[in-house]
Amino acid sequence: MARSLVICAQQMGSAVGRLLNEQGLAASMSQLRHASSHAENTNTFLREALNRLDYPEKLQNLLLTPRREMSVELVVQMDNGQIEVFNAYRVQHNNARGPYKGGLRYHPQVDLDDVRSLASLMTWKTAVMDIPYGGAKGGVTVDPRKLSERELEKMTRKLVVAIKEIIGTYEDIPAPDMNTDAKVMAWFFDEYSKYKGFSPGVVTGKPVYLHGSLGREAATGRGTTFAIRELLKALHLGKLGDQKYVIQGFGNVGAWAAQLLWEAGGKVVAVSDVAGAIANENGLDIGALRRHMSSGKTLASFPDGAPLKKEDILTVPCDVLIPAAIGGVIGPEMAAKLQCKVVVEAANGPTTPEGDLVLRDRGITVLPDIYTNGGGVTVSFFEWVQNLQNFKWEEEDVNRKLDRKMTDAFNALWTVHREMAVPLRTAAFVVALQRVTRAEVHRGFD
């Protein structure tokens with residue numbers, strides 16, 4: 001027994017040592033980052049809208065400051081008996097309009113600044129989409145590829161235990177995000193229900209057969225397609241089928257957007273993923289490409305596309321460029337090289353403030369992320385409503401309601417864009433700020 005305790009203590013010491021080393025490395029990397037962080041980028045865009053609204057500084061601080069930030073350490077015994085410690089975060093930004101809502105991501109570069117920025121974005125995204133939620137975000141600093149499925153499940157359940165007192169069906173509702181999926185949400189729902197009773201509404205993005213919603217898998221990509229359709233109409237650029245598209249990122253969002261645009265007759269002339277890129281000036285057969293990849297083959301090995309350096313994907317000539325991968329990819333240098341008429345931000349934060357200024361000077365319209373990728377959280381809301389009703393909707397109903405939400409949200413931000421003569425990004429933040437502020441003021445501050 002004593003020997004077991006000694007071994008356990010040694011393992012814990014080793015794990016803590018590794019954690020401290022990782023924290024030190026993370027701190028060093030943070031110092032080497034671009035001068036503007038994710039949170040600062042978000043606040044830069046926000047402050048531009050706040051300045052147009054002429055809000056007093058006290059109100060600005062209230063709207064920018066998160067309500068709660070929680071950091072926890074998850075101690076997990078791995079399959080080989082070793083003890084590992086993972087940093088985890090949950091930031092709850094604002095709940096004036098309803099329960100906190102936001103995804104949960106597993107990624108080795110997750111840190112508090114990243115989660116804080118994404119939580120803020122969720123506040124404005126739910127407000128732009130006019131669904132009764134606030135904004136939150138969560139994450140674990142981990143490379144899920146290095147964990148077995150059993151280790152991933154244990155870590156997820158540890159996370160639920162650690163944060164269960166600040167989440168709930170009417171308090172804070174997580175959802176899938178980077179490297180998390182329906183299976184992870186099922187574990188989350190199951191573990192939470194052990195402590196709080198049957199609670200399918202505590203998370204969204206669950207499997208369809210386990211209180212999930214039809215249409216949820218394609219929701220963000222479908223919403224992106226609806227967003228492009230409305231923008232093309234407003235700019236008098238024609239229909240979806242008249243355009244050439246380039247899509248950076250062929251994960252869930254990029255693949256579904258490509259599929260739906262291709263089905264509408266559009267030419268997807270180049271796509272990329274984390275491993276490579278391909279192009280075809282006559283348009284890729286997206287149906288064949290998805291079948292190719294579902295068989296276990298790589299995107300770059302698709303025979304009907306010419307290989308392309310993935311770093312060059314953003315500069316391929318097109319009508320509509322869709323960054324659907326990671327944030328910060330369009331800085332000032334890249335913005336000067338783009339050969340498109342429109343940038344549609346399906347990813348979170350793909351354009352930096354400096355890059356955004358270059359695009360404005362060049363006359364390239366940017367459809368902002370807080371609107372473009374709002375389809376995911378909108379159908380998450382539909383799933384939550386179905387859980388509360390204990391009644392499943394037909395997929396046609398889900399898609400029709402999503403279309404209506406995306407159309408109404410675009411009309412609201414386009415109206416502000418025209419009346420205030422501001423870019424669409426600023427207009428989106430103005431709409432969101434007005435809705436959140438109205439809720440804050442009418443609920444009171446005491």
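Partly exposed describes a residue whose relative accessible area falls between the buried range, under 20%, and the exposed range, over 50%. With that in hand, welcome to a set of close-ups of a predicted model.

**Figure 1. Confidence along the predicted chain.** The chain has a mean pLDDT of 90, and 91% of its residues reach 70 or more. Please read residues 1-35 with care: pLDDT stays under 50 there. For that stretch the model has 19 contacts beyond four places in sequence.

**Figure 2. Thr220 and Asn252, a pair listed by UniProt.** An unreviewed UniProt entry gives Thr220 and Asn252 the feature "binding site". The two are spread over 33 residues of sequence, yet they cluster in space, with a largest C-alpha distance of 8.3 Å. Asn252 belongs to helix 8, which covers residues 252-263. Its relative accessible area is 38%, and because that value lies between 20% and 50%, Asn252 counts as partly exposed. A polar atom of the Asn252 side chain sits 3.0 Å from the backbone oxygen of Glu217. Thr220 is part of helix 7, residues 219-235. With 12% relative accessibility, under the 20% limit, Thr220 is buried. Beyond four places in sequence, Thr220 makes contact with Val253, Asn373, Gly375 and Gly376.

**Figure 3. Lys101, Lys125 and Ser380 at one spot.** These three residues are also listed by UniProt, in an unreviewed entry, under "binding site". They span 280 residues in sequence, but no two of their C-alpha atoms are more than 12.8 Å apart, so they gather at one spot. The next two views take Lys125 and Ser380 in turn.

**Figure 4. The surroundings of Lys125.** Look for Lys125 in helix 4, residues 112-128. Is Lys125 buried or exposed? Its relative accessible area is 6%, which means that Lys125 is buried, as the cut-off is 20%. Leaving out residues up to four places away in sequence, Lys125 touches Asn348, Asp369, Ile370, Asn373, Gly374 and Val377.

**Figure 5. The surroundings of Ser380.** Ser380 sits in helix 13, which runs over residues 375-389. At 2% relative accessibility, Ser380 is buried. Which residues is Ser380 in contact with, leaving aside its neighbours within four places in sequence? They are Lys101, Tyr133, Ala175, Thr204 and Arg216. Lys101 is itself one of the positions that UniProt lists together with Ser380.

**Figure 6. Helix 2 packed against helix 4.** Here helix 4, home of Lys125, meets helix 2, residues 38-53. Their axes are 7 Å apart and make an angle of about 30°. Angles under 35 degrees count as roughly parallel, so that is how helix 2 and helix 4 are related. On the helix 2 side, the contact is made by His38, Ala39, Thr42 and Leu46. Helix 4 contributes Asp113, Asp114, Ser117, Ser120, Leu121 and Trp124.

**Figure 7. Ser193 in helix 6.** The last view turns to Ser193, placed in helix 6, residues 182-196. Why does Ser193 count as buried? Its relative accessible area is 18%, and buried means under 20%, so Ser193 qualifies. The Ser193 side chain reaches the backbone oxygen of Phe189 at 2.9 Å. Not counting residues up to four places away in sequence, Ser193 touches Phe198 and Ser199.

How values were computed
Residues numbered from 1 in each chain as written. Predicted model: local features only at pLDDT ≥ 70, side-chain atom pairs only at ≥ 80, totals over all residues. Heavy atoms only, no water. Helix = DSSP H or I, 4+ residues; strand = E, 2+ residues; numbered from the N terminus. Buried < 20%, exposed > 50% of the residue type's maximum accessible area, 1.4 Å probe, protein only. Polar contact = N/O pair within 3.5 Å; in protein donor to acceptor, adjacent residues only side chain to side chain. Contact = heavy atoms within 4.5 Å. pLDDT = per-residue confidence, 0-100. UniProt positions renumbered as here; feature names shortened; annotations may be inferred. Axes fitted to C-alpha atoms, helices over the stretch in contact; angles between N-to-C directions. Parallel < 35°, antiparallel > 145°, perpendicular 65-115°, else oblique.
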